[in-house]
Amino acid sequence: MDASDSPDADAVDAAATAERSHDRDRDSDGLLAEQLLRLTRRLHRIQSRQLEPIGITPAQFRLLRTVASYDAAPRMADLAQRLDVVPRAVTTLVDALEASGRVRRAPDPDSRRVVRIEITDEGRATLRSLRNARRAAAEEILAPLTAGQREVLGELLSALVDGMPERHC
């Protein structure tokens with residue numbers, strides 16, 4: 001019996017094959033992660049370029065969208081939690097948006113210590129402009145895809161987003 005015919009040799013071959021397969025999967029996952037990061041950076045650059053004439057940063061846009069998503073004016077702490085950032089970051093963003101007239105600080109009717117953030121008419125108008133800029137950025141990124149490919153991509157992205165565990169600060 002040849003050493004290569006032994007059961008131990010079969011186990012070693014199987015282990016080596018499994019290791020190569022695992023390395024390929026890891027390389028494939030690494031490539032996929034790199035592609036997602038590159039796409040994210042590209043989308044961010046395109047969006048920033050389109051937001052610049054409006055005079056707002058992507059982070060300010062995100063805060064403005066978040067403020068507008070509440071039924072009642074949120075507290076700064078609510079915004080920090082929803083955005084998954086430290087409260088100081090929200091303060092800086094609110095300061096800039098308030099200076100441009102897009103939001104205003106308002107006292108809470110139930111507690112003198114609480115400040116609420118309200119979106120202004122100027123903020124709503126900015127959101128309309130920003131949504132158009134965002135659609136244009138998405139169109140630029142998605143232009144190479146067919147409608148069917150876009151649908152599949154949307155389903156895949158939903159599966160990834162929905163499968164992510166919630167983060168809490």
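Analyst: A quick definition to start: a residue is buried under 20% relative accessible area, exposed over 50%, and partly exposed in between. Bear in mind that what you see above is a predicted model.

User: Okay, why is Arg 49 called partly exposed?

Analyst: Arg 49 has 48% relative accessibility. Partly exposed covers what falls between 20% and 50%, so Arg 49 gets that label.

User: And what makes Arg 49 and Glu 140 a salt bridge?

Analyst: The closest N and O atoms of Glu 140 and Arg 49 are 3.2 Å apart. The cut-off is a side-chain nitrogen of Lys or Arg within 4 Å of a carboxyl oxygen of Asp or Glu, so the pair counts as a salt bridge. Glu 140 sits in helix α5 (residues 121-142) and Arg 49 in helix α1, so the bridge ties together parts that are 91 residues apart in sequence. Glu 140 is partly exposed too, at 33% relative accessibility.

User: How many salt bridges are there in the whole structure?

Analyst: A search of the whole structure turns up nine. One of them joins Arg 116 and Asp 108, with the closest N and O atoms 2.6 Å apart.

User: Is Asp 108 buried or exposed, and how do you know?

Analyst: Asp 108 comes out at 9% relative accessibility. That is under the 20% limit, so Asp 108 counts as buried. Its partner Arg 116 has a relative accessible area of 23%, which makes Arg 116 partly exposed.

User: What about Arg 124 and Asp 121, how far apart are they along the helix?

Analyst: They are three residues apart in helix α5, about one helical turn. In an α-helix there are 3.6 residues a turn, so residues three or four places apart point the same way. The side chains of Arg 124 and Asp 121 meet in a salt bridge at 3.4 Å, N to O. Asp 121 has 64% relative accessibility; exposed means over 50%, so Asp 121 is exposed. Arg 124, at 39%, is partly exposed.

User: Why is Gln 60 called buried?

Analyst: Gln 60 has 13% relative accessibility, and buried means under 20%, so the label fits. Gln 60 belongs to helix α2 (residues 58-69). Leaving aside neighbours within four places in sequence, Gln 60 is in contact with Gly 55, Leu 93, Ala 96 and Leu 97.

User: What makes Arg 82 count as sitting over the ring of Tyr 70?

Analyst: The charged end of Arg 82 is 4.2 Å from the centre of that ring. The distance limit is 6 Å, and the charge must also lie within 35 degrees of the ring normal. Arg 65 does likewise over the ring of Phe 61, at 4.7 Å from its centre.

User: What stands out about the phi of Asp 84?

Analyst: Asp 84 has a positive phi of about 60 degrees although it is not a glycine. Most residues other than glycine have a negative phi. Asp 84 lies in the loop between α3 and α4, and its relative accessible area of 25% makes it partly exposed.

User: Last one: which residues form the nonpolar patch on the surface?

Analyst: Leu 32, Leu 36, Leu 157 and Leu 160 form it, with about 350 Å² of accessible area together. The elements giving two or more residues to the patch are α1 (7-51) and α6 (147-162). Patch residues need over 30% relative accessible area; Leu 32, in helix α1, has 48%, so Leu 32 passes that limit.

Terms used. Residues are numbered from 1 along each chain as its sequence is written. This is a predicted model: local features need pLDDT of at least 70, side-chain atom pairs count only at pLDDT 80 or more; totals for chains, interfaces and linings use all residues. Side-chain values use heavy atoms; hydrogens and water are left out. Helices (H or I, at least four residues) and strands (E, at least two) are DSSP runs, numbered from the N terminus. Buried means under 20% relative accessible area, exposed over 50%, partly exposed in between (1.4 Å probe, protein chains only). Contact means heavy atoms within 4.5 Å. Patches are made of residues with over 30% relative accessible area and no salt bridge: like charges are joined within 9 Å, nonpolar side chains (Val, Leu, Ile, Met, Phe, Trp, Tyr) within 5 Å. Accessible areas come from the Shrake-Rupley method with a 1.4 Å probe; for residues, only the protein chains shown count as cover.
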